[in-house]
Amino acid sequence: MNIILFGPPGVGKGTQGVKLSSAFGIVHLAMGDLLRAAVAAQTELGLKAKAFMDAGKLVTDALVIGLIEERIVSADAKNGFLLDGFPRNVAQAVALNEMLTKHNLELDHVVFMDASKEALLERLTGRLTCSACGFGFHRHYSPPKIEGQCDKCGGSLIQRADDTEEVISQRLEVYAEQTAPLLDFYGNEEMFCKVKAEAGMDEVYTSLLAAVKG
Ligand code: AMP
């Protein structure tokens, strides 16, 4: 099964993407995580991507397209993949279609997760991430048992460098200008569906499962 999960920053793609991909035994390819790993490892790609990410802008298409093509044909994607944060503009969506045709692959579901701007801002400003394992928490909605410490691995919790108010508003603008047009790109396809993502984590997960099980 091959799925695209898309929607604005803070809508919960990462959290839900982890759960959905493990439920279906498919690989979770979160572009933001792949890029942050490249930045941390100081690879050539990471060094090029960092300034764009810090500013809340999109990294150059060629970099992310190359990265995703490598991953969708890798051994861990043999049962399928869930794309989270890719494509993020129409040029990337066109490139994705081309690479799917080239590798004889198809999309089964394109799921759009939606929430109001107020809900997104509240989620993004309270978001905490484990610096060791990447697990996500929220100051109010899902706080860690011990302040500042990851429940899963004991790592220290940090606020993402791009989760500051200034960068968040830039990311929301980039989303409206560049990513929201994907609604027109995929909106008329049979595999497209919309899920309201403002309820609690478990309720949203139930709606997503229903959407992809058809
Ligand atoms: P995310 O973790 O999905 O919020 O992504 C964090 C940052 O990574 C974004 O603000 C962009 O700078 C970069 N990024 C993630 N996915 C893409 C993409 N598909 N195209 C370009 N830049 C991306």
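## Exercises: a ligand and two sheets

In this predicted model, an oxygen atom of the ligand sits 3.0 Å from an N or O atom in the side chain of Arg36. Let's start there and work outwards.

**Exercise 1.** Find which side chains have an N or O atom within 3.5 Å of a ligand N or O atom, the cut-off for a polar contact, starting from Arg36, Arg88 and Gln92.

*Solution.*
- Step 1: Take Arg36. Its side chain has an N or O atom 3.0 Å from a ligand oxygen, so that pair passes the 3.5 Å cut-off.
- Step 2: Go on to Arg88. Here a ligand oxygen and a side-chain N or O atom are 2.9 Å apart.
- Step 3: Now Gln92. This time the ligand offers a nitrogen atom, and the distance to the side-chain N or O atom is 2.9 Å.
- Step 4: Zoom out to the cover. On its own the ligand has 480 Å² of accessible area, and the protein covers 95% of that.

**Exercise 2.** Describe the shell around the ligand: how many residues surround it, and which are the closest?

*Solution.*
- Step 1: Count the neighbours. You should get 16 residues, with Lys57, Val59, Gly85, Arg88 and Gln92 the closest.
- Step 2: Sort the shell by type. Seven residues are nonpolar, three are polar and six are charged.
- Step 3: Ask who contributes the most. That's H2, with four residues.

**Exercise 3.** Work out the order of the five strands in the open parallel sheet, and say which strands stand at the edges.

*Solution.*
- Step 1: Follow the pairing from one strand to the next. The order is S2-S3-S1-S4-S8, and the pairing is parallel.
- Step 2: Look at the ends of that order. Strand S2 (27-30) and strand S8 (192-196) each have a single partner strand, so one side of each has no neighbour in the sheet.
- Step 3: Check the twist. On average, neighbouring strands are turned by 20 degrees against each other, direction ignored.
- Step 4: Pick one pair. S1 (residues 2-6) and S4 (residues 109-114) are joined by four bridges, and Ile3 has His109 as its bridge partner in S4.
- Step 5: Add the helix. H2 (residues 31-40) packs on this sheet, touching S2 and S3 (81-84), and its direction makes about 70 degrees with that of S2.

**Exercise 4.** Now take the open sheet of three strands: is its pairing parallel or antiparallel?

*Solution.*
- Step 1: Read off the order, S6-S5-S7, and the pairing, which is antiparallel.
- Step 2: Spot the edges. S6 (136-138) and S7 (157-158) each pair on one side only.
- Step 3: Finish with S5 (residues 127-130), which two bridges join to S7. Cys130 stands opposite Leu157 in S7.

Terms used
Residues numbered from 1 in each chain as written. Predicted model: local features only at pLDDT ≥ 70, side-chain atom pairs only at ≥ 80, totals over all residues. Heavy atoms only, no water. Pairing = 2+ DSSP bridges. Axes fitted to C-alpha atoms, helices over the stretch in contact; angles between N-to-C directions. Contact = heavy atoms within 4.5 Å. Near = heavy atom within 4 Å. Polar contact = N/O pair within 3.5 Å; in protein donor to acceptor, adjacent residues only side chain to side chain. Areas by Shrake-Rupley, 256 points an atom, 1.4 Å probe, with all protein chains shown as cover. Nonpolar A, V, L, I, M, F, W, Y, C, P; charged D, E, K, R; others polar.
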